[in-house]
Amino acid sequence: MKLRCAKAWVSLCIVLLLVLGVFLKFPLTSGAAAGDYYDGITATGGTALLGQLHDLITTTHTKYTTYDNCKDPNIIKKTDAGSNTSSVAEFYSQADIASTWGSGNNGTWNREHVWCQSLSNGLWGTSGGGSDLHHIRPAESRLNSTRGNDPYGEVTGGNALYYKDAKGNNIALAGYDKGGVFEPLDEVKGDIARIVLYVYTHYNTYSNVYGTTNGGGKSSYFGTLSITKIISASSEKAAFELLSAWNTLDPVDEREQNRNEAVYEIQGNRNPYIDHPEYVNAIWGGSSNGGDNGNTDNGSGNTGNTGDNNGNTESGGNGGSSTDGNPFDEAMAQVATAVGREAKYLAIKHAMTLYEEMTPTEKQNHESAHTALLQAIMEYNQQVSRVNTAANEALSNTVSSVAVMAGGLAAFLYLLKQRKL
């Protein structure tokens, strides 16, 4: 009897350890899966890459979230975490806002369609692309309404827009508006570019973007999206150039990476332009432009913005960058010597801001340095992609080794137990 019980106990341990090993080797949903998410992508650029990305993100989009999901604080605190457990990050200002759903009241957050519903050619309202967590972001309600259905673009001397509290007090600068065009802050431009390009790639029907399938989504979710509806530009080419420039100006940061992981765990698909920002230039080409055209949000330059209707103006600064080029040269030296992803990101950001504040003549004088800066940005983006892939592969290999070791140990214990008995 004791022998049978001992054998049964050891057998149960073996089964449990092997099941654990299989679970670790093949998790249901995990960031480790991102390491092989792009294994099927063979194209290196152009329409071939665009089509493969469309097929990938639509076929892996296994859960289409609802509009109610997009206002659930438990979800939004994971996708758009603030600096503390009771807040989320307001999208356009990146400042904290209370996580509690406020039903559209001023000073609380609302669901922002980055690609406005009215500019979607009727493709979405509150479902499909209109409730995709990669697309919908929390924005302060008054700011959401003020932006309205304005396309994104760059303006000169625009009115400063703010995230405000319930009493109308300014909390944080959120962008600029002029002539029906909304210009976001520099540190949000890359986020917007990558969201817009995700939406364009996903919800254009496959034949429009050189794909072969729309995956498991309803046919009504897909159709024709025009990039010049959401981006204010003279042509489609100019619109994609602006988005490419914004993607370069504002590189992917840790918050954006974490958000991509959180949405992936819910929906099953990823935003490829966050994992691989180099895909943007590979498909649409690049541009060295894409600054703020005179609007500065770092407190160091233009005082020409007029503030809000209450007479509030953004904080001014020291009147702009020096004309002798030394600050930019020093910034480029920091780019070259910065160690670590966060330090490199901040150095690149600072150098790009100084460059955008230069006069045309100063820019011409620093053409070679600017080329070096663009190269540094490209290398940074590639490094981020490599680090993410390597980390995921290392985690996958580690859990695989643990699974094998656990199974082997269980078998050894079983044989040892048999021998002793």
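Which residue in β7 is the bridge partner of G175? It's P184, and I'll come back to that pair once we've walked through the sheet around it.

Okay, some background before that. What we have here is a predicted model. The mean pLDDT of the protein chain is 81, with 72% of the residues at 70 or more. So where should you be careful? One place is residues 12-33, where pLDDT stays under 50. The model does give that stretch 19 contacts beyond four places in sequence. Another is residues 296-324, again with pLDDT under 50 throughout, and there the model has 59 such contacts. I'm going to leave both of those stretches alone today.

Now the overall picture. The protein chain has 421 residues, and 50% of them count as buried. In terms of secondary structure, we've got 15 helices and 7 strands. And if you take contacts between residues at least 6 apart in sequence, 69% of them join residues that are at least 24 apart.

Right, the sheet. It's an open one with 3 strands, in the order β5-β6-β7, and the pairing is antiparallel. At the edges you find β5, residues 159-164, and β7, residues 181-184; each has a single partner strand, so one side of each has no neighbour in the sheet. On average, neighbouring strands here are turned by 40° against each other, if you ignore direction.

Let's go along it. β5 and β6 are joined by 6 bridges, running antiparallel. One residue to click on is K164, whose bridge partner in β6 is N170. The two strands make a hairpin with 5 residues between them, and in that turn G168 has a positive phi of about 90°.

Then comes the other hairpin, β6 into β7. β6 covers residues 170-178, and its antiparallel pairing with β7 runs over 4 bridges. There are 2 residues between these strands, and G179 takes a positive phi near 60°. This is where our opening pair sits: G175 is bridged to P184 in β7. You can also look at Y176, which stands opposite E183 in β7.

While we're on strands, have a look at β3, residues 109-113. It's mostly covered, with 4 of its 5 residues buried. It runs antiparallel to β4, residues 136-140, and 5 bridges join the two. R111, for instance, stands opposite P138 in β4.

We've had positive phi in glycines, but what about other residues? Two to show you. Q94 has phi near 65°. You'll find Q94 in the loop between β1 (87-89) and β2 (96-98), and it's partly exposed, at 22% relative accessible area. The other is S103, with a positive phi of about 55°. S103 is in the loop between β2 and β3, and at 57% relative accessible area it's exposed.

Next, a tyrosine I'd like you to zoom in on. Y152 is in the loop between α5 (141-147) and β5. Buried or exposed? Buried: its relative accessibility is 0%, and the cut-off for buried is under 20%. Leaving aside neighbours within four places in sequence, the residues Y152 contacts include Y92, E112, R147, F182, P184, I192 and W246. So P184, the bridge partner of G175, turns up again among the contacts of Y152. And K229 is 77 residues away from Y152 along the chain, yet their C-alpha atoms are separated by 9.2 Å.

Last stop, two helices. α6 takes in residues 186-203, which is 18 residues, and 17 of them are buried, so the rest of the structure largely encloses it. For the length, 1.5 Å a residue predicts a span of 26 Å, and the end C-alpha atoms are indeed 26 Å apart.

The other helix is α12, residues 326-337. Its 12 residues should span 16 Å, and the end C-alpha atoms are 17 Å apart, which agrees. Which of its residues are buried? They're F328, A331, M332 and V335. Looking down the axis of α12, the buried ones fall within an arc of 100°, so they line one face of the helix. On the face turned away from that buried side, you get the exposed residues E330, A336 and T337.

That's my tour, thanks.

How values were computed:
Residues numbered from 1 in each chain as written. Predicted model: local features only at pLDDT ≥ 70, side-chain atom pairs only at ≥ 80, totals over all residues. Heavy atoms only, no water. pLDDT = per-residue confidence, 0-100. Contact = heavy atoms within 4.5 Å. Expected span 1.5 Å × (residues − 1). Buried < 20%, exposed > 50% of the residue type's maximum accessible area, 1.4 Å probe, protein only. Arc of directions from axis to C-beta. Pairing = 2+ DSSP bridges. Axes fitted to C-alpha atoms, helices over the stretch in contact; angles between N-to-C directions.
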